[in-house]
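Biologist: Could you take me through this one, step by step? I'd like the reasoning as well as the answers.

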Amino acid sequence: MDIAEYFLTNHWSIVRDSNLSETPPIYLSPDDLDLSILTKRMLRYYRDGIYRHQFLAIEQALSGRNICMTTTTASGKSLVFYICGVELLSRNPHSTILAMYPLKALTDEQEHKWVDAVGQTGVKIKVGRIDGSVHSSKRKKIIQESSIVIMTPDVVHAWLMSNLQERGVINFLQNLKLVVIDEAHTYTGVFGSNAAYLFRRLQQITNMLGSKPLYISASATINDPVGHLKKLVGLDFAIIDRNEDSSGQKARRLLMVEPPDEKDVLTHLTDLMIQVTEKTDHRFITFVDSRKQTEQLASVVRRSVEQEYDEVDIEYDILEKLRVFPFRAGYETSDRKIIQDKLQQGSIRGVISTSALEMGIDIPWLTLGILFGIPYSATSYFQRIGRVGRHADGTVIVVNNGSILSNRIFRHPETLDIMPLSEGALYLENSRIQYIHAMCLARQGGEYDSVVGAGVIDSDFHAADNFDEAFVQLCKQERVGEITTELQALKLEAGNDPNHVFPLRDCEVQYRVHTQGKSEPQKHLGTLSFSQVMREAYPGAVYYYQTQPFRVVRVLNRQREILVRYEKRYTTKPTTIPTLVFPNLSEGNVYQSLQFDGLLTVECNVQIRETIVGFKERRGPNEFNNQYPLDFSLGYFFDQERFERNYFSSGVLFAHPSLERDDIDRAILAEILFEAFLIQVPFERQDLRFAADRFRISRGSFAEGSRFLCIYDQTYGSLRLSSRLMEAETLRGMLEKALEIATYDDSFAVSPSTLEVLRLLLDASNKEPVAEVIREHIYEEIENSALVIMPGSIGLYPDYNNEEFRVDSVLFTPRGLVYRGKRISLQGPRFEEVDVTVPVDKIVAIEGQSKFGCYNYDTGETRPYSSTKRASSARDTITIGK
């Protein structure tokens, strides 16, 4: 049965059915390039010649220019890497090449391709691979013996840069002549910002060793690739773009479809994949946007197309049995390799993936692609449909999943072709990211000192020119031990090994998930960031790994461990209370503020509190509510009333008199603005969030208790992505799209009064903005006293993952002023007799919530600072405890 016939028979709506015709490739002869005999010997296998973009890229790279190719998916960009690598080695056999790929899933495949490519020269050129799956005992030999080494940037950061005392590593970097950075568009957000410092650290070391390698990169088509590469690598790049692409393309059919309403959309998607698996010859890939959806959909399809397993049986070899595989980041190496091998062999029928399979891996047998919803950028859309029809004609099905963006584009199908390209979201001013890399590079005994110890240069610290002044200053402070209080928690966590403690993929330490190992050995089930824990592995949750469900028994925050046990195929969803936003409007914390005829927009630092108070659990048709603390009889443990994540970031506040109305839904307004912002500027969804809250203290034009909406960065320390909303054009574009969503999208039950408020905000944004000055309260110093958090109030304890800390008393001790009190994790019945003492400067006040007092050194008394004044931030004009 034809796919379109299936849709019509089962009452799906086909909104668009179009065809992209085949375009033939155009070849150029490589004979016009100035290449060595060795390289020409390799090129004799390309009898038709090479594509125009390949020719231009090789020509420019070998003239000494750093280049980046942004041509279409499967256009042969990797060949440029191989040719330039072989050519440089033919000119200087002692040269070395570092080829970086952003995923372990790519390194294994690319190792084989590099080996095949250099093997065509007839000369023995050693290719090695070092990623997380290669044991550390083997890595030194690989780096010593190989001319070409393939790595992930994670391993460059954690292993290569922490082993600069090794002569083999030093020799490799001294002779480094080419650095390959593939999939450059994926270097965005936290990962990209961390990688930007890694690339600069690498350049610092190679410069110290007298080597200045050439950089060749490849990327999907993105907005402003020149600016992105400059910010990412710190160097200038020439761009070879789609206009020069002559690789041609197989024919593809595009179907935009909407499922009928009688069942939920995930059930319809499952039915479609079962139909494809059982009734067609297609081999397919389905893209979804959630790790959890990936696991659950694969689990449902597996049960439908195979013999049902007993739910309590444990399938250790489950990956060997599946015909439809899940694929996402965070898998253990052995599990990932099983999936990857089967993908490349074509021995399975389908794969359900997050964006992890948008890039790189060659899956030649795919003839059908299913997009569950429309990604927010044209870049991601092109990458996904580019997976299909690489070597034969293909079909792409776009399913309306009911998201705001999908609904909008399905109302106007032609807009699918004009979606905006993704933007590189790099923010190098994040103080946490800066300090992590300052520790790696400049700490005593760190990377800089390791090269000095190798006898290469003198011992005076000199930072490379592509570091900004703030980072250079932080490096100098690290070397002499003058680090601010807020960064000391990072120093404590890092110990003497920041390269391993802090991964590139997050600003926070990762949690390891593993089974409880008493009668059975522990089984490791990947890693999660704290934000992922809040979505997938909170206390009591059912966590899915490789389609297998596990119950979260305990979350050990201090140890960064999550203990799980095997569970039946239940599903859980966290019960949350509204996110709280604490704006910090004190000196140095407001970036910019604008007044648009009553609409006040402010970008400032914020503290975010996300809270889970329990979870809903579905067992077949039945649903149960579980509230924290959990009953011990359940067999899994949590004795607190709430599970929280507190972190510091930045965001943009929106305040307007109309937001004070009682007949509007501010939470819906905030969500609509968030969805509209992502359509206006296609950032990654997980990097931003929204909330509606109120001011807890009066500041400038803001009265205590007045309402605001907020769009904020979800990254600890912020990437300042939300700052784009301070651009008048972006703000107006967002509000225009928000009004359209509120008017036409059925996802929100928007009241007439809420719609009216949106119109008022849009009208105000069309006025000329003027700068708004926010005046802060200045606390006067009181003689022989220190500003402290009042007993009975709360602050945050950064050394313990920003746990809430309740102050019971303030004491003067030989080590200075301390608080006696309890962290939130010590406030259960088991810890009634437990108190801890913490130096005053280790607890951070919460803007608008912590109450301040004055500790008198003569009397030992703590009194409220003023009966009429509320507390400021601990990072305000007066430092607490001083």
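**Helices, sheets and a few residues**

Modeller: Let's start with a helix pair: H17 and H19 are oblique to each other. Bear in mind that this is a predicted model.

Biologist: At what angle do helix H17 and helix H19 pack?

Modeller: H17 covers residues 431-442 and H19 covers residues 469-480. Their crossing is right-handed, and their axes are 9 Å apart. Oblique is what's left once the roughly parallel, roughly perpendicular and roughly antiparallel ranges are taken out, and 65 degrees is where roughly perpendicular begins. H17 and H19 fall into that leftover class, with a packing angle of about 55°.

Biologist: Now H24 and H25: how are they oriented to each other?

Modeller: Helix H24 spans residues 728-744, and its axis comes within 9 Å of the H25 axis. The two cross at roughly 160°, and H24 passes H25 in a left-handed crossing. Angles over 145 degrees count as roughly antiparallel, so the verdict for H24 and H25 is roughly antiparallel.

Biologist: And in which hand does H23 pass H25?

Modeller: Helix H23 runs over residues 666-680 and helix H25 over residues 752-765. They pack at an angle of about 50°, with axes 11 Å apart, and are therefore oblique to each other. As for the hand in which H23 passes H25, the crossing is right-handed.

Biologist: What length is expected for helix H5 at 1.5 Å a residue?

Modeller: H5 takes in residues 104-119, which makes 16 residues. The expected span is 1.5 Å times one less than the number of residues. From first C-alpha to last, H5 reaches 23 Å, close to the expected 22 Å.

Biologist: Is Trp-114 buried or exposed?

Modeller: Trp-114 is found in helix H5, where the buried residues also include Leu-106, Ala-117 and Val-118. Gly-85 is 29 residues away in sequence, yet its C-alpha is 9.6 Å from that of Trp-114. The cut-off for burial is under 20% relative accessible area. Trp-114 has 0%, so it counts as buried.

Biologist: What is the relative accessible area of Asn-194?

Modeller: Asn-194 lies in helix H9, residues 189-208. Gly-64 is 130 residues from Asn-194 in sequence, with 27 Å between their C-alpha atoms. Asn-194 is classed as buried because its relative accessible area is 1%.

Biologist: Where does Pro-30 lie?

Modeller: Pro-30 counts as buried at 13% relative accessibility. Along the sequence, Pro-30 and Lys-40 are ten residues apart, and C-alpha to C-alpha they are 8.2 Å apart. The location of Pro-30 is the loop between strand S2 (27-28) and helix H2 (37-43).

Biologist: Over to strands. Which helix does the chain cross through from S6 to S7?

Modeller: S6 (residues 127-130) and S7 (residues 148-151) run parallel and are joined by four bridges, with Val-127 partnered by Ile-148 in S7. The β-α-β crossover from S6 to S7 is right-handed, and its helix, residues 136-145, is H6.

Biologist: Which residues of S6 point the other way from Val-127 and Arg-129?

Modeller: Val-127 and Arg-129 share one side of the strand. Both sides of S6 are buried in these four residues. Pointing the other way are Gly-128 and Ile-130.

Biologist: What are the edge strands of the open sheet of seven strands?

Modeller: That sheet has mixed pairing and the order S1-S11-S16-S15-S12-S14-S13, with a twist that averages 15° from one strand to the next. At one end, seven bridges join S1 to S11 (residues 252-258), and these two run antiparallel; Ile-14 stands opposite Val-257 there. Pairing on one side only marks the edge strands: S1 (13-20) and S13 (324-327).

Biologist: Last one: in S34, what is the bridge partner of Gly-821?

Modeller: The open sheet here has five strands in the order S34-S33-S32-S31-S35, with antiparallel pairing. Its edge strands are S34 (836-839) and S35 (844-845). S33 (residues 816-823) runs antiparallel to S34, and four bridges join them. In S34, Gly-821 is partnered by Val-836.

Technical notes:
Residues numbered from 1 in each chain as written. Predicted model: local features only at pLDDT ≥ 70, side-chain atom pairs only at ≥ 80, totals over all residues. Heavy atoms only, no water. Pairing = 2+ DSSP bridges. Buried < 20%, exposed > 50% of the residue type's maximum accessible area, 1.4 Å probe, protein only. Right-handed = clockwise from strand over helix to strand, strands pointing away. Axes fitted to C-alpha atoms, helices over the stretch in contact; angles between N-to-C directions. Parallel < 35°, antiparallel > 145°, perpendicular 65-115°, else oblique. Left-handed = near helix turned anticlockwise from the far one by under 90°.
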